[in-house]
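Thanks for coming, everyone. Please bring up the sequence and the model, and keep both in view while I talk.

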Amino acid sequence: MTRLPALALPTLLLACCLLTLAGHAAQALSVPAAPGILVLASDFGLHNEAVGLCHGAALAVDPRLTIVDLCHTVRPFDVRQASLMLGRTDVFPAGTVFVAVVDPGVGTARGAIALRTRQGRLYVAPDNGLLTEVIARQGVEAAVRLDPRRVNPRWRRGTFDGRDLFSPAGALLASGKAGLATLGTALRPADLVRLPALKARVRAADGAIIGHFLRTDEPYGNAWTDVPARDLDRLGIRPGTMLEVEAKGQRLAVPFVEAFGDVPEGKPLAYLGSDGTLAFALNMGDFVRTQAWTEGLEITVRMAR
């Protein structure tokens, strides 16, 4: 038997270890990255199989996807309501893919788009203004007009693009099997459809803020507005003060408080909502129904004299 030199055995063992580590590294590199998060939102409701079919279409692309349902009870055809909901999705991590379908123009020449925001989230939707709030809050890094045949070779014009186009497109992006450029042609951010702007403004002459009732906080009946905290601060309006709210020619005095329980049950109040804008409520009641407010209503807010 051949006797190895004294240094040969340690050298041999080191070489074996290095080869083993290299093998493990190569194996790790060959494993595809874990698929990401796909978030769905729509006006499909929960009384039929539409949402489940969108799940199925996405899972057919990659059954390992993590699918989150943001909301499927958007009022039918209410693009603005859905846009406001999507505007709050910046709590999700970068890389999350959103598929939003509130699509009154399905089957028509309306465009289908996908975009990446400057914060790194991706959104897939009809080009009908649905992404207005997302664009305003996060900006656009890149956008494409989807080519349905690139997304789904079996796609054909019809009435269920949520299943046949948008969900597969979102799944391809979330799984890493496709990028924006793979799924469509480049689109200038300036060319994306946006809803008409509703924006609060300060009227310094009389210390008032002109804003809008944007959305009902269902099922509670609270009224969410577009009046931001910075405008309230500018006029010295802080919790503990009394506000005067004018809408539809009527005036209402409400305390500006920090929590619903700061007023007696059944009494109105103003507070800062979870997204940092002024909201109105009736403690343990329905403010919107009581005041007969309709979304889009212009309101005037000032400190009560």
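**A walk through the model**

Let's start with one contact. The backbone nitrogen of Ala50 sits 2.9 Å from a polar atom in the side chain of Asn48. Keep in mind that this is a predicted model. Where is Asn48 found? Look in the loop between S1 and H2. Is Asn48 buried, partly exposed or exposed? Asn48 is partly exposed, because its relative accessible area is 44%, and partly exposed means between the 20% and 50% cut-offs.

Now step back to the whole chain. The protein has nine helices and 15 strands. Of its 305 residues, 47% are buried. Then there is the question of reach along the sequence. Take the contacts between residues at least 6 apart in sequence. Of those, 64% join residues at least 24 apart.

Next, helix H2. H2 covers residues 50-61, which makes 12 residues. How far apart should its ends be? At 1.5 Å a residue, the helix should span 16 Å. The end C-alpha atoms are 17 Å apart, so expectation and model agree.

Which residues of H2 are buried? They are Ala50, Val51, Cys54, His55, Ala57, Ala58 and Val61. These residues cover an arc of only 160° around the axis, so they lie on the same side of H2. There is a general reason for such a pattern. An α-helix has 3.6 residues a turn, so residues three or four places apart point the same way.

What does that buried set pack against? The buried residues of H2 pack against strand S1 (37-42), strand S2 (66-71) and helix H6 (161-175).

That brings us to the sheet. Seven strands form an open sheet, and its pairing is mixed. Read the order with me: S2-S1-S3-S5-S4-S6-S7. Which strands stand at the edges? They are S2 and strand S7 (184-186). Each has a single partner strand, so one side of each is left without a neighbour in the sheet. From one strand to the next, the twist averages 25°.

Let's zoom in on one pair. S1 and S2 run parallel, and five bridges join them. One pairing to find on screen: Ala41 has Cys71 in S2 as its bridge partner.

Now put the helices back on. H2 lies across S1 and S2 and runs at about 150° to S2. H6 also packs on the sheet. H6 touches S1, strand S3 (97-101), strand S4 (112-116), strand S5 (122-126) and strand S6 (142-146). The direction of H6 makes about 170° with that of S3.

On to a second region. Find Thr225 in strand S10. Is Thr225 buried or exposed? Thr225 counts as buried, because its relative accessibility is 3% and the cut-off is 20%. What does its side chain reach? The side chain of Thr225 reaches the backbone oxygen of Leu278, at 2.7 Å. Set aside neighbours within four places in sequence, and Thr225 is in contact with His212, Phe213, Leu214, Thr277, Leu278, Phe280 and Ile299.

Next, a hairpin. Strand S13 (residues 268-272) and S14 run antiparallel, with five bridges between them. Tyr271 stands opposite Ala279 in S14. Four residues lie between the strands of this hairpin, and Gly276 takes a positive phi near 85° there.

Two other residues have positive phi without being glycine. First up is Phe77, with a phi of about 70°. Phe77 lies in the loop between S2 and helix H3 (79-86). Phe77 counts as exposed, because its relative accessibility is 60% and the cut-off is 50%. Then comes Met284, with a phi near 65°. Met284 lies in the loop between strand S14 (277-282) and helix H9 (287-291). Met284 is exposed as well, with a relative accessible area of 69%.

Last stop: a peptide bond. Which residues does the cis peptide bond join? The answer is Glu218 and Pro219, with omega about 0°. Pro219 lies in the loop between strand S9 (208-217) and strand S10 (222-228).

That's the tour. Over to you for questions.

Note on methods:
Residues numbered from 1 in each chain as written. Predicted model: local features only at pLDDT ≥ 70, side-chain atom pairs only at ≥ 80, totals over all residues. Heavy atoms only, no water. Expected span 1.5 Å × (residues − 1). Buried < 20%, exposed > 50% of the residue type's maximum accessible area, 1.4 Å probe, protein only. Arc of directions from axis to C-beta. Contact = heavy atoms within 4.5 Å. Pairing = 2+ DSSP bridges. Axes fitted to C-alpha atoms, helices over the stretch in contact; angles between N-to-C directions. Polar contact = N/O pair within 3.5 Å; in protein donor to acceptor, adjacent residues only side chain to side chain.
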